[in-house]
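This report covers the nonpolar cores and one pocket of a predicted model. The sequence and structure come first.

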Amino acid sequence: MNKSVARGIALALLSATSFHAAADAHLIRVGFNPGPYKEQFEKGVAPYLLSKGYKIEYKDFSDGIQVNDAVARGDIEANIMQHPVYLKAINERLGIDNVGIVQVPTPPMGLYGGKLTTLGTPAAGTVVSVPNQPSNEYRAVLVLESLGWVKIKPDSDPATFSQRNIVDNPYKIVLKEMDNAQQVRALPDVDYGLIQGNFCRLQRYVPDLGIKAGSSHQPFY
């Protein structure tokens with residue numbers, strides 16, 4: 001993690017938690033989802049906070065709903081694991097008002113091979129796994145749209161996206177929704193998987209087809 005980015009995260013975190021602190025004013029409880037975020041925080045941000053006399057308590061969560069709910073309830077002071085579109089969707093779903101204070105790097109959505117390990121014109125009924133959460137399913141379908149496999153409504157809202165927003169599916173691609181933490185293990189059961197990079201890194205799964213969501217999808221990065 002770039003040093004200036006790490007320092008910015010640390011300062012923003014201190015500013016935000018000063019209004020929502022644990023019983024011990026020098027204790028900062030931070031929540032994480034699976035992925036590279038915790039390791040990046042430990043190496044890039046934690047040393048600065050520790051040098052200023054703060055203690056850090058790490059809390060691990062299995063999904064983004066739990067970790068955002070924990071912030072809203074005051075069980076932790078902050079989480080580091082999401083893009084702005086996902087935060088907006090979870091706020092609306094849970095009826096909470098968590099606020100982003102600084103953007104952290106988000107590993108891109110990528111197309112990974114399952115039963116098929118090369119790209120070509122897809123056969124009718126090709127099965128592609130996608131996350132079962134609206135904003136991340138939207139990210140996944142953007143990749144398919146960039147390949148010309150599907151087309152979505154131009155005014156689709158990522159926070160409420162569903163397969164009903166797909167207006168053209170000439171290859172009859174079957175999108176199999178599943179929990180994103182299970183997608184890597186499920187690759188042998190599908191033709192391709194559109195998987196968030198943090199889950200691939202967590203499970204040390206490297207091979208992919210070189211197709212990732214690009215800079216045109218800026219709200220997610």
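The largest nonpolar core holds 20 residues, of which Val30, Phe32, Phe41, Leu49, Ile56, Ile76 and Ile80 touch the most other members. Two or more residues of this core come from each of β1 (27-32), α2 (37-44), α3 (46-51), α4 and α5. A second core, separate from that one, has 19 residues, including Met109, Leu111, Val130 and Tyr138. In soluble globular proteins, nonpolar side chains tend to be buried together.

Phe32 can be followed further. Leaving aside residues up to four places away in sequence, Phe32 touches Tyr37, Lys38, Phe41, Tyr58, Lys59, Asp60, Phe61, Val67 and Ile80.

The second largest pocket encloses about 280 Å³ of space. It is lined by 20 residues, and Asp63, Gly64, Tyr86, Gln133 and Asn180 are the closest to its centre. Because domain 1 (27-94) and domain 2 (110-203) both contribute residues to the lining, this pocket lies between them. Helices α4 (64-73), α5 (84-94), α6 (134-147) and α7 (197-202) each supply at least two lining residues. By class, the lining of the second largest pocket divides as follows.

| Class in the lining | Residues |
|---|---|
| Nonpolar | five residues |
| Polar | eleven residues |
| Charged | four residues |

For the protein overall, there are seven helices and ten strands. Of its 221 residues, 48% are buried. Among contacts with a separation of 6 or more, 71% join residues 24 or more positions apart.

Definitions and conventions. Residues are numbered from 1 along each chain as its sequence is written. This is a predicted model: local features need pLDDT of at least 70, side-chain atom pairs count only at pLDDT 80 or more; totals for chains, interfaces and linings use all residues. Side-chain values use heavy atoms; hydrogens and water are left out. On a 1 Å grid over the protein atoms alone, a cavity is a set of points where a 1.4 Å probe fits but cannot get out, and a pocket is an open set with protein on both sides within 12 Å along at least five of seven lines; lining residues have an atom within 4 Å of a point. Grid points are joined across faces, edges and corners, and a volume is the space filled by probe spheres set on the points. Helices (H or I, at least four residues) and strands (E, at least two) are DSSP runs, numbered from the N terminus. Ala, Val, Leu, Ile, Met, Phe, Trp, Tyr, Cys and Pro count as nonpolar, Asp, Glu, Lys and Arg as charged, and the others, Gly among them, as polar. Domain bounds come from an automatic or database domain assignment. A nonpolar core is a set of buried Ala, Val, Leu, Ile, Met, Phe, Trp, Tyr and Cys residues joined through side-chain atoms within 4.5 Å. Buried means under 20% relative accessible area, exposed over 50%, partly exposed in between (1.4 Å probe, protein chains only). Contact means heavy atoms within 4.5 Å.
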